[in-house]
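Here are a few exercises to work through with the model open beside you. Try each task before reading its solution.

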There are 4 protein chains.
Amino acid sequence: MDRAELRVGLVGYAFMGTAHSLAWRTVNKVFDLPLRARTVAICGRDEGNVAAAADRLGWEEHLTDWRELVARDDIDVIDVCTPGDLHAEISTAALAAGKHVLCEKPLANTADEARAMADAAARAAASGVRSACGYNYRRFPAVALMRQLVADGRLGTIRHVRAVYLQDWVADPGIPLLWRLEKDRAGSGALGDIGAHIVDLTQYVTGQRITGVSALTETFVKERPLLTSTPDNPEFGPVTVDDAVLFTARLDGGAVATYEATRFATGRKNALRVEVNGSLGSVAFDLERLNELEFHDAAAPRSEGGFRRILATEPDHAYMSAWWPSGCALGYEHSFTHELRDFIAAVAAGEDPTPSFADALQVQLVLDAVERSAGRESTWTKVEA
Amino acid sequence: MDRAELRVGLVGYAFMGTAHSLAWRTVNKVFDLPLRARTVAICGRDEGNVAAAADRLGWEEHLTDWRELVARDDIDVIDVCTPGDLHAEISTAALAAGKHVLCEKPLANTADEARAMADAAARAAASGVRSACGYNYRRFPAVALMRQLVADGRLGTIRHVRAVYLQDWVADPGIPLLWRLEKDRAGSGALGDIGAHIVDLTQYVTGQRITGVSALTETFVKERPLLTSTPDNPEFGPVTVDDAVLFTARLDGGAVATYEATRFATGRKNALRVEVNGSLGSVAFDLERLNELEFHDAAAPRSEGGFRRILATEPDHAYMSAWWPSGCALGYEHSFTHELRDFIAAVAAGEDPTPSFADALQVQLVLDAVERSAGRESTWTKVEA
Amino acid sequence: MDRAELRVGLVGYAFMGTAHSLAWRTVNKVFDLPLRARTVAICGRDEGNVAAAADRLGWEEHLTDWRELVARDDIDVIDVCTPGDLHAEISTAALAAGKHVLCEKPLANTADEARAMADAAARAAASGVRSACGYNYRRFPAVALMRQLVADGRLGTIRHVRAVYLQDWVADPGIPLLWRLEKDRAGSGALGDIGAHIVDLTQYVTGQRITGVSALTETFVKERPLLTSTPDNPEFGPVTVDDAVLFTARLDGGAVATYEATRFATGRKNALRVEVNGSLGSVAFDLERLNELEFHDAAAPRSEGGFRRILATEPDHAYMSAWWPSGCALGYEHSFTHELRDFIAAVAAGEDPTPSFADALQVQLVLDAVERSAGRESTWTKVEA
Amino acid sequence: MDRAELRVGLVGYAFMGTAHSLAWRTVNKVFDLPLRARTVAICGRDEGNVAAAADRLGWEEHLTDWRELVARDDIDVIDVCTPGDLHAEISTAALAAGKHVLCEKPLANTADEARAMADAAARAAASGVRSACGYNYRRFPAVALMRQLVADGRLGTIRHVRAVYLQDWVADPGIPLLWRLEKDRAGSGALGDIGAHIVDLTQYVTGQRITGVSALTETFVKERPLLTSTPDNPEFGPVTVDDAVLFTARLDGGAVATYEATRFATGRKNALRVEVNGSLGSVAFDLERLNELEFHDAAAPRSEGGFRRILATEPDHAYMSAWWPSGCALGYEHSFTHELRDFIAAVAAGEDPTPSFADALQVQLVLDAVERSAGRESTWTKVEA
């Protein structure tokens, strides 16, 4: 009850800011941790909106200048939930100020920014300042089990990875030119937004890293109405990011892989699907059914083989003993609660949480290789070390 | 920001107490409601445990005597999360004291208790005191859609209901004689614990009520080790509740139905499955995939007919516009957040929330008919009005 | 190549007659058997139709009088594919004439007829004349595996059986009064037509027999247009069979069960679904996905438990080594080819094929108990021995 | 009954030879066609084996020299079921002799051979001699429906194709060096064997052709025991074909695509899976559930959207009115029966059956581009016109 506090400052109050806020407020109610998170201050550019968010989401204070937040003595952690173009500046300033940093994914909009962040994180780590990037999908019990099965050798030598992340929210050409469709602000389209997730997830699960890629990208709808467009005065602007990206890859353990991320897969809402085939077994995961893992164990007699649907809601599964009885499903947002659980536990233990900024940089370098390959007619392109 | 408060007192801190606590703390962060819930006091018999629960779950105070809680002036709502044998006493006292009451399901352990509670609720309602019973599964977006499709006539005349609730947590005869396996304390076994859910859910979805049943019950493992049993001194006691219950039924709109609730369906963890067939279409729901509804529309051309898997995670679905983007799954516990959202909204609007104690009494009368039929060799037994 | 022949005479040329014809012509092309079936003669009442059927389906001759067929010396087997009201007469005459008999299911329209047939079969067996009833669904590899798993003790003690057979072909009240909707000709409705299948299948798979039932039946559409009805002169007649039947049951090994057969489950076309739960595991089968068996092995570690989808298309599965490579699906009609394979093998070996007329009589007695219970307000009704 | 005959000569009696034999013997029993197939002669190199096959499968005669078969006057159709290295020689000789030709897929082992065959077919067609290549998967009712939905514009503009064909039969390194693993005899590995199927199927369904590819291939197990290897005298030889092939592609209607064919996807037996996303809808097909088509219609209200599982077993579906009642599943081999139905109908109508040799050549040119790209580090490679 008299646990030490971990005083949190959050930058951003939109989708990710809300998700993180709920998780910071929930994590100690569910998990027994040596530090207790305190939601001290939330920061955003619009005074009225951030004040309302603070009130609604349970933050003690609100600010409009992230530099002020970073400079405060009563903050231990900076949680960066802004769009990607601010990740580097805020994170490096916070690390320099001795704050632990949790930064949303993808780590940055460019490989260069990501490299600078990883360098800053390495320097900070030397003096016990922790950092991690928010690839939250690692935190589902079914994903943890998938990784464990690979790590335990249950799949044998990994042969194949196939990963897609399918959405359809811009399939309608009437969807306006949102900031996520502009390269200057979003960095890339489906690639960084959702492609980054499958790159991280498959590397995490297999323990292998992508060494080279051959990619193509496509922008199906090349012009969209501006947000300021009206029926009387229609205005259009160019879409400057990819609607879809497809690539083949090789991993350093010998596996070959296909990847696809798209916002034009009509009827698919959040279909992150990963399958891994090894010499001794296979696993498959679908984010639309996130409580389930399909597992084929080739050691079974041939007449009894088949993918079993494991409901990863047993107390034996990662994180689950803290939640509900057997068979009670978790949802999307639990990934954030688990992410914070692991982050707090690492900070309390004086250990580096994962994925590190260096890990997240490597994902960025894969994305970078994908973009370069796509720009050179799918020529095979090595991922920079 | 200066919303009026709804001051809550909760009795119970175990499974349901924890689930409700998280929901009371979350509901206003997600939903925009005219009243703001304040988690004033939690009550439980064990001083140490309830103090720890208050601290962990975010209650301002804790008490060990529910009568004291009910008597306080600074409490607007009593949330009853005790085992069933205390529901009647606490709820009627709270209603008499002018508190709104939310009582967990099943409403009571016996039909007589339930009748008394419904009477008390009716009296209280006359002076604006509200009450509801916690059949939380009504609150999933997929279930709301199922009900809406029936209400809109999309299924036509309802012909068939088939409902199962399959679990397996006592299939192992080594599981000891927990209180849920003793009639004195639990009232019944699978019947009241999980059978009550499918009775309520199917009546809610179809808008029809069960009029008669033919039932059988079975206790597969008739003796179990006492909790005090040791290897050196093994002790056993009789299981006095049903392990499984099966019944056929007729509904007042002309449908026929099968129901089954069991704790011995090996491999099924939380498999509440409901299918409804009507003259114009059908729907099917499975709690193990709670974000999905299967819907067959017989109006489709015959070559295009088939059950479609609707991912009930679009902003158009009930409750969803307050949550995450399209395709992000909800979990089990969101049903409680939604239940509180609806409860608070009703209280604020001066309306009776649902299901009322009278609704919950009717479920109890079905359970009562089931027990009577099972005790008379499956003789057809009418549900009391 | 110089195998002895098994000379077949078939009565009936409609749905079942066609299915059996294809199977008689295929079975020796696929399976290596000591006897070679020769499709000698087909018999039907309409000269033109049966002649066309003989020509199309590959029968050497056709006849219009089944008595003539039964009297011929050059016929070894009589295959009875008529409607149920002729089963008894033809089968007993054929047995008396020393012909082996394969009779379609259900064995008869009444328990009395079935009893007489079983008696005749027993007498014939004494002189080496064989008989079997065509419960063809036993012959799917997935069903054979299901039975094998139970027989090998992999499911432990059987606790639950739940079986449905859902169709929707008469849900439309405009469907005319076909012979299958008239009691005089069809015996019963969903009960004998499809309910018989799930009674046989579940008893076959579990090795347990139903001892008592509590049943209800319903006829949702009580009048239908006559086949002679016209828009100018609309005529209606009463439906005299059940549209749907639901019952609970107990099996002699201690399991409890629910059964449902209906022609009003909109959107379900051929959904025979069977699940069996035992103390050590569970299996589930769905005829709409007949190449698959779902199997849960409770011996798996709890974190790896789950229903595995076994594709029963490996050479290790029953019948499969004679067909295609791994993963190539079978269809509905293969059940008849397998049925004939087993029938021929038994005849060649001088053994009684299964299910025997006695087995099929027992199914009939279950159906009889169901009808009696439904006629007495679901009173528990024992199955006659 | 006095239909003209179509006299068939078949070359090959292994897997494909058996499948075609059954289909030639069945097709007229099920479909009402203007020509009646007569199974005149089967040809194979081993006298004893081909004699046994003729006897078992129902061919009037057998031969050991295909040239003799081609030269006979009493043969109308040559059905080529040999390994790929004989396709060109036999087919062109047969066409030159004025026989209609049905040739198994892939059309040839090399693009050059395929080109020569297409030329021969074009010449023959001028004098009414017909030819087609056996891409049998086009003939499933679910695939026909998929194509129809695209052709009717129900999917709008096609954006994405994703196709995999996953098997696992050589994942075990102990599998010996079969002829299918030697380039000299098989041409290629997974690419031609199963990759050819997904290339043909996706082009057929979308009506679009692949214009360019970027590919990689992998041989995971580079040496295998020779068929002559013994424990005492172990001998190994090199695997000279691909175990797996992965490629991205662009189609001439603007769609982008991923393709993967592998024999190392442990647990996947015959998993040909195709998904097509268009601006107005999507379809998905899985050969392991070949009676089903998943269809999402974006015209549905957003709250009712979702992939519906169409059981393509209604009389309205292609080929189905000739088979069984609604809901009765077809199997793998029915694709051959349907292929012959369409072939016979085209021949009878004096029309060219599909896919033509020219169509099959185009598939070969795609495979050729895939191989060339894979040999040049995934460089983008155009498909030859």
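**Exercise 1. Work out which surfaces chains D and A use to meet, and how the two copies are related.**

Start with the overlap: 100% of the interface residues of chain D are also interface residues in chain A, so the copies meet through the same surface. Contact here means that the C-beta atoms of two residues, placed from the backbone, lie within 7 Å. Keep in mind that this is a predicted model, where local features need pLDDT of at least 70 and side-chain atom pairs count only at pLDDT 80 or more, while totals for chains, interfaces and linings use all residues. Residues are numbered from 1 along each chain as its sequence is written, and chains are lettered from A and ligands numbered from 1 in the order in which they are written.

Next, count: chain D brings 34 residues to the contact and chain A brings 34 residues. On the chain D side, at least two residues each come from β7 (158–166), β8 (210–218), β11 (244–251), β12 (256–262), β13 (271–278) and β14 (281–286). Strands are DSSP runs of E, at least two residues long, and helices are runs of H or I, at least four, all numbered from the N terminus. Sort that side by type and you get 13 nonpolar, 16 polar and 5 charged residues. For the sorting, Ala, Val, Leu, Ile, Met, Phe, Trp, Tyr, Cys and Pro count as nonpolar, Asp, Glu, Lys and Arg as charged, and the others, Gly among them, as polar.

Last step, the symmetry: a turn of 180 degrees with a shift of 0.0 Å along the axis lays chain D on chain A with an RMSD of 0.0 Å. The C-alpha of chain D nearest that axis belongs to D:T379, 2.4 Å away. The superposition is by least squares on the C-alpha atoms of residues with pLDDT of at least 70 in both copies.

**Exercise 2. Do the symmetry part again for chains B and C.**

Here, 34 residues of chain B touch 34 residues of chain C. Chain B goes onto chain C with an RMSD of 0.0 Å after a turn of 180 degrees and a shift of 0.0 Å along the axis. The two copies are therefore related as by a two-fold rotation axis. In chain B, B:T379 has the C-alpha nearest the axis, at 2.4 Å.

**Exercise 3. Trace the open sheet of chain D from edge to edge.**

Read off the order first: the 6 strands run β3-β2-β1-β4-β5-β6, with parallel pairing. Strands pair if DSSP finds at least two bridges between them. At the edges, β3 (61–63) and β6 (131–134) of chain D each have a single partner strand, so one side of each has no neighbour in the sheet. From one strand to the next, the twist averages 25 degrees.

Now zoom in: 8 bridges link β1 (residues 4–11) of chain D to β2 (residues 35–43) of chain D. In β2(D), D:R36 is the bridge partner of D:E5.

**Exercise 4. Describe how the two domains of chain A meet.**

Set the bounds, which come from an automatic or database domain assignment: domain 1 of chain A is 4–137 and domain 2 is 138–355 + 361–375. Their centres, taken over C-alpha atoms, are 23 Å apart. Then count the contact: 38 residues of domain 1 of chain A meet 39 residues of domain 2 of chain A. On the domain 1 side, α1(A) gives the largest share, 8 residues. That side of domain 1 of chain A splits into 25 nonpolar, 9 polar and 4 charged residues.

Conventions. Axes fitted to C-alpha atoms, helices over the stretch in contact; angles between N-to-C directions.
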